[in-house]
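Reader: I would like to learn how to read sheets, helix pairs and a loop residue in a model. Could you take me through some cases?

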Amino acid sequence: MERNSVTAPRRSGCSLFRLSCVLFVIQLGVISKNAGAEVEVGELWESLGPQSDLTSQEQEVVGLLKRVLPSPDIASQFQIKLVSIPDDDKDDGDLHHQDRVHLKTSIEPKGNQSRTLVHVRATSGVAATWGIHHYLKYHCQGHFSWDTISLDLPTNGTLPPAKFNLTSNDKFRYYQNVCTPGYTFAFWKWDQWELHIDWMALNGINLPLAFVGQEAIWIRVYKQFGLNETYLDHHFAGPAFLPWGRMGNLNGWGGPLPSGWHHFTVGLQHQILTRMRGLGMIPVLPAFAGHVPKALIDLHPNVSFSVQSWNGFNETILLDPTEALFGAIGAKFIEEYTFEFGSDHVYNCDTFNEMDPKTNSTQYIRDVGRAIYAGMSSQDPKAVWLMQGWLFLSNFWQDPQVEALLTANPLGSMIILDLDSTFREQYTRTKFYYNQPFIFNDLNNFGGNLGLFGRLGAINQRVFKARSASKGRMIGTGLTPEGLSDSYLTAEFMNEMSWRPHPVEDVMAWVANYSRRRYGGQDNIKAQRAWQALVPRVFNASVGFFTRKLVITSMPSLDMTNYTWYPASDLVRAWDNLIEAADQLKHYDGYRFDLVDCTRQILVDLAPSLYADILDSFHSHRPTFLHEQRLVFMELLTDMDRVLGTSSNFMLGPWLEAAKEVIPNGTEPQKALFEFNARNQITLWGPSGQILDYAAKQWSGLVSNYYMPRWDLFLGMLEHSLASGTKFDPSEFGSRFLSQIGIPFTQDRKQFPILPTEDSVEVCLEMYEKWRPRLTFEHIKVHPNAIPNVRY
């Protein structure tokens, strides 16, 4: 395979022993400088930038336009010119870290007719596409999201007039969570990645995570340290669990990875990086965090290490940072990785993801920080370490420990991702990361769970307050969802914070415009009212994402509580209005998606009322009523499965088929293993439910074949308890669930549809007629910390 030559360093001829010694000296601080000493490298993050030249970026923008616009003729109406510094900004030093775009239209005579030309002048390919997206959104009523593309442009050459300038508030627009490659991207092929990278560019994303293919590089590295592939088969996790294997949370679960996977992912990563770089993005590449296969310790019995454990999985090994082997492995990985893929000089690794260090010694923690960065910088002097700030949620990290880690390396050699800035920001607790630059992010999804959720109010205010308070150390905004299954509204809102100089004054008007764009430019007042009903509270949560444990997708018990952060009337009002908009909007994909999503949420929120009736009949010893309520509850689940089955976005089949077909010409055992990965992640998440239902999905097929049997078993045992006069045994239920439903589901090979067989609108209208008169929500508890009322 052809090597990528982008800034790839030449291979060193030194031996591993010599390299180890050099790195050991570096770790002792003889060569590297800590933040308390004179910093020679300066603010390294400031030098990060696109690796491709402007002419190449222009060509990639043209290619993107041909993919996303309705026709090549329309794409040819966009004239792209990229310049490193616009003519009118040459003397403005304050803008050198910001992307800028100037867009204006003109009329070009063409025979007896004329056509509109859209002139785009920008500082990078990403900036150009970002400005074009702004034009398509606000002048052409276009909409590009994870689930829907809606764009209707004239074919006669006439496009809407416009003239505007956009300037980014910060240098970076970051995207992804380290978990997203597991919960969403695990089985993606190039066609999905190509579409998604186009979406990134249209939204101005210039700092995306790019983690595909690293296990193939690790094989090359560990072979040089004496390990063979048999040892590594026990180390690498399966494709649905790779993020946690990479962070040292677990070893081997879901594996082994076949050789075909490595060949596929290396080729895929080349495609991803070529496109990202071509558009002017700065891909974030992986680095060594210190976790190693257990077999390596057997080969090096005298090295020091610590044992880590996470959520009941097998223990993992973390090398002591003072060991020369630590630095040697880190350096060798960067050497091999950049030899294969080139480098953009920014790397991510997370050593203590939801696991605390073995000691609170500040010297040890400082050594860890230095050793990790030395592994990067010894091979790439321009290296910048991008680290998630998620670890600081642990009480282990008090001021001395935080300071030790963050000041172990020069200022600007790190960028901290403040992962959950709109709810659990850490920049305030950590004194703005002791002056290391950071990126403000919205973390709107955990586990790829489905649900109407958002923090519009926090997004609209906190971004600006944080930027002001940080005194220049906040250098970007970003999105960090663990999965992409949630509603798109808040992602679009957050992305706009990258250019807006002030908070949105009228969020209700913004949401009405969002609805109009999403539904083909149709000015439907009912649809707008539906979205506006969700803004004050449903999409303005003031409680944690996991405050609400959904009855339907949680392990059944006798003490379940289903909290919401909004009154049920908000959701019902939205449903009413969406239903009334059906005649005008039923042919638009965005509307059909949202109608299914809202109907799904209605049935989810109705379940606690039925569950409460079940508990009441059980505790009052009324077996006949209990049986009747059991039938009603199972009917609700049946109807939910049917609703979800009208949209491929809410179906189990596509997820399983993608897993089976991801490797070209994969064998049947490989397909079975990858299907097991896909099934296990969304259910048991581990051998025996270590993180049970963390990645729960309300998907057709999953409801009918996993949640319904589990609920039927639970309710049947409640009926048996009353009939036999015996006490319900939760432990027996848990054991029976695992042996009869949970484990068998993960091992099953049953095929599920990948395309709908019924019409979304027709089925949702049927469900509206059936369930709307029966809605009772008195058993849903509004969380005491929820915002009582918000006005926009």
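Author: Here we go through two sheets, two helix pairs and one loop residue. Please keep in mind that this is a predicted model.

Reader: Let's begin with the sheet of four strands. In what order do the strands lie, and what is the pairing?

Author: A sheet can be read by strand order and pairing. The four strands here follow the order 1-3-2-6, the sheet is open, and the pairing is mixed. Strand 1 (78–82) and strand 6 (163–167) are the edge strands; each has a single partner strand, so one side of each lacks a neighbour in the sheet. On average, neighbouring strands are turned by 20 degrees against each other, direction ignored.

Reader: How many bridges join strand 2 to strand 6, and do the two run parallel or antiparallel?

Author: Strand 2 (residues 100–110) and strand 6 run antiparallel and are joined by five bridges. To find this pairing in the structure, start from Leu-103, whose bridge partner in strand 6 is Phe-164.

Reader: Which helix packs on this sheet, and which strands does that helix touch?

Author: That is helix 4 (residues 125–138), which touches strand 1, strand 2, strand 3 (113–122) and strand 6. The direction of helix 4 makes about 65 degrees with that of strand 2.

Reader: And the sheet of eight strands: what is its order?

Author: Its strands run in the order 8-7-17-16-15-14-13-9, in an open sheet with parallel pairing. At the edges stand strand 8 (207–208) and strand 9 (285–286), each with a single partner strand, so one side of each has no neighbour in the sheet. Strand 9 is joined by two bridges to strand 13 (residues 346–348), and the two run parallel. There, Pro-286 is placed opposite Asn-348 of strand 13.

Reader: Now the helix pairs. What describes two packed helices?

Author: The description uses the angle between their axes and the distance between the axes. For helix 2 (residues 54–68) and helix 6 (residues 190–202), the axes come within 11 Å and cross at roughly 110 degrees. An angle of 65 to 115 degrees counts as roughly perpendicular, and helix 2 and helix 6 are therefore described that way. Their crossing is left-handed.

Reader: Which residues meet where helix 2 and helix 6 come together?

Author: Helix 2 brings Leu-64, Arg-67 and Val-68, which meet Glu-194, Asp-198, Ala-201 and Leu-202 of helix 6. Sorted by class, this contact holds four nonpolar, three charged and no polar residues.

Reader: How do helix 19 and helix 20 pack, and at what angle?

Author: Helix 19 (residues 525–534) and helix 20 (residues 568–580) have axes 8 Å apart, at an angle of about 165 degrees. Angles over 145 degrees count as roughly antiparallel, so helix 19 and helix 20 are placed in that group. The crossing of helix 19 and helix 20 is left-handed. Among the helix 19 residues in the contact are Lys-526 and Arg-529, and those from helix 20 include Asp-570 and Glu-580. By class, the contact has six nonpolar, one polar and five charged residues.

Reader: Last, the loop residue. Where does Phe-728 lie, and is Phe-728 buried or exposed?

Author: For a loop residue, look at its place, its accessible area and its contacts. Phe-728 sits in the loop between helix 26 (702–724) and helix 27 (730–747). Its relative accessible area is 8%, and Phe-728 is buried.

Reader: Which residues does Phe-728 touch?

Author: Leaving out residues up to four places away in sequence, Phe-728 touches Leu-558, Phe-618, Phe-714, Met-717, Leu-718, Ser-721 and Phe-733. Leu-718 is ten residues from Phe-728 in sequence, and the two are 6.4 Å apart in space, C-alpha to C-alpha.

Key: Residues numbered from 1 in each chain as written. Predicted model: local features only at pLDDT ≥ 70, side-chain atom pairs only at ≥ 80, totals over all residues. Heavy atoms only, no water. Pairing = 2+ DSSP bridges. Axes fitted to C-alpha atoms, helices over the stretch in contact; angles between N-to-C directions. Contact = heavy atoms within 4.5 Å. Parallel < 35°, antiparallel > 145°, perpendicular 65-115°, else oblique. Left-handed = near helix turned anticlockwise from the far one by under 90°. Nonpolar A, V, L, I, M, F, W, Y, C, P; charged D, E, K, R; others polar. Buried < 20%, exposed > 50% of the residue type's maximum accessible area, 1.4 Å probe, protein only.
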